[in-house]
Amino acid sequence: MPCINDFIPATTTTPQPTTGKNIAMAKHIHDEEEQQQQQPLKSGTKRKHLEVPPRGFNFQPVEEAFVRTELNRLKTNKAIGLDKISARLLKDSASLIAPVLTKLFNRSLESSKFPSIWKFGKAGFTDATITWFKSYLYQRIQVTRVDNATSSAKYVSVGVPQGSVLGPLLFILYVNDLPSCIKKCKVTMYADDTVLYFSSSTLSELEENLNADLEILRRYLNDNPLTLNAEKSKFVIFGSTRKLNSFREFSLEINAHNLERRDTFKYLGIKLNQIRYVLVGPD
């Protein structure tokens with residue numbers, strides 16, 4: 001089912017762009033206030049104040065026509081959601097379900113409550129599924145073996161089982177929100193390999209934005225709790241030979257560790273050269 005956010009028209013009383021009409025109206029109000037201040041008050045009378053509309057954000061009631069229009073605008077090539085209801089079905093039945101959806105949306109706004117069943121995202125699970133995963137992860141035991149020596153068994157309190165099929169999937173779900181936290185850079189993720197990249201014509205902007213997002217990344221890792229291998233983290237500056245030669249000293253750091261700059265870097269089996277993104281090729 002489409003999220004309620006797709007259907008709720010919201011209004012706000014923030015000031016509109018200034019026009020000649022706005023200026024004239026503001027001047028009229030100002031002149032009226034001046035006249036009131038200059039006129040003496042009669043005994044027992046109160047000064048009249050011009051009413052100023054309150055500022056703030058308010059949801060407006062949803063109209064059935066609006067909901068029907070939005071249903072008809074759905075793209076039928078979208079993937080089916082967790083409710084298993086296709087966009088084609090919603091679109092074809094728009095005239096029948098629009099009144100019901102309108103009542104649901106307005107009831108939600110009137111009661112100031114967002115239905116819990118609408119909170120499921122693409123990675124949402126039912127309570128039974130969550131309980132199953134909890135059972136899968138709970139009281140896992142791990143040992144370490146070197147040659148013929150084996151350590152004592154220890155319970156694994158964090159992380160996913162090593163060598164398991166579900167482990168990589170659970171990790172991807174766990175860090176799936178990382179790109180939404182990064183402000184300036186673009187993010188590419190593949191399993192536990194993450195790349196931040198940013199383009200700019202000035203070195204100062206490049207350095208400032210990359211370091212700012214690396215600090216956001218550091219806080220994200222601390223909050224979740226994850227560990228970054230700073231020794232394996234490198235950076236490359238791509239550009240023309242003339243541009244690269246003009247660059248002064250460039251510094252990136254995370255967790256008080258200065259990242260090493262490379263001329264060539266291997267990512268997912270492919271070597272990337274700093275000169276105009278030339279692909280050197282895998283080893």
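F125 is partly exposed in this predicted model, with a relative accessible area of 31%. The residue lies in the loop that links helix 4 to helix 5 (127-137). Together with I130, L169 and L173, F125 forms a nonpolar patch on the surface. The accessible area of these four residues together is about 320 Å². A value of 31% counts as partly exposed because the class lies between the limits of 20% for buried and 50% for exposed residues.

The accessible surface of the whole protein comes to about 21700 Å². Carbon and sulfur atoms account for 54% of this surface. Of the 283 residues, 20% count as buried. The secondary structure consists of 9 helices and 14 strands. Among contacts with a separation of 6 or more, 56% are between residues 24 or more positions apart in sequence.

In soluble globular proteins, nonpolar side chains tend to be buried together. The largest nonpolar core in the model contains 20 residues. Those with the most contacts inside this core are L214, L217, F250 and L252. Helix 8 (residues 203-223) contributes 8 residues to the core, the most of any element. Beyond its neighbours within four places in sequence, L217 is in contact with L178, I182, L196 and I254. A second core, separate from the largest one, has 9 residues, including V62, V67, A94 and F105.

V67 also appears among the buried residues of helix 2 (residues 64-72), which are V67, E70 and L71. These residues lie on the same side of helix 2, because the arc they cover around the axis is only 100 degrees. An α-helix has 3.6 residues a turn, so residues three or four places apart point the same way. The cover over the buried residues of helix 2 includes helix 3 (87-92) and helix 4 (94-111).

E249 is located in the loop between helix 9 (241-246) and strand 10 (253-254). With a relative accessible area of 70%, E249 is exposed, since the limit for this class is over 50%. In sequence, E249 and L203 are 46 residues apart. In space, the C-alpha to C-alpha distance between E249 and L203 is 9.6 Å.

Key: Residues are numbered from 1 along each chain as its sequence is written. This is a predicted model: local features need pLDDT of at least 70, side-chain atom pairs count only at pLDDT 80 or more; totals for chains, interfaces and linings use all residues. Side-chain values use heavy atoms; hydrogens and water are left out. A nonpolar core is a set of buried Ala, Val, Leu, Ile, Met, Phe, Trp, Tyr and Cys residues joined through side-chain atoms within 4.5 Å. Buried means under 20% relative accessible area, exposed over 50%, partly exposed in between (1.4 Å probe, protein chains only). Helices (H or I, at least four residues) and strands (E, at least two) are DSSP runs, numbered from the N terminus. Contact means heavy atoms within 4.5 Å. The arc is that of the directions from the helix axis to the C-beta atoms. Accessible areas come from the Shrake-Rupley method with a 1.4 Å probe; for residues, only the protein chains shown count as cover. Patches are made of residues with over 30% relative accessible area and no salt bridge: like charges are joined within 9 Å, nonpolar side chains (Val, Leu, Ile, Met, Phe, Trp, Tyr) within 5 Å. A salt bridge is a side-chain nitrogen of Lys or Arg within 4 Å of a carboxyl oxygen of Asp or Glu.
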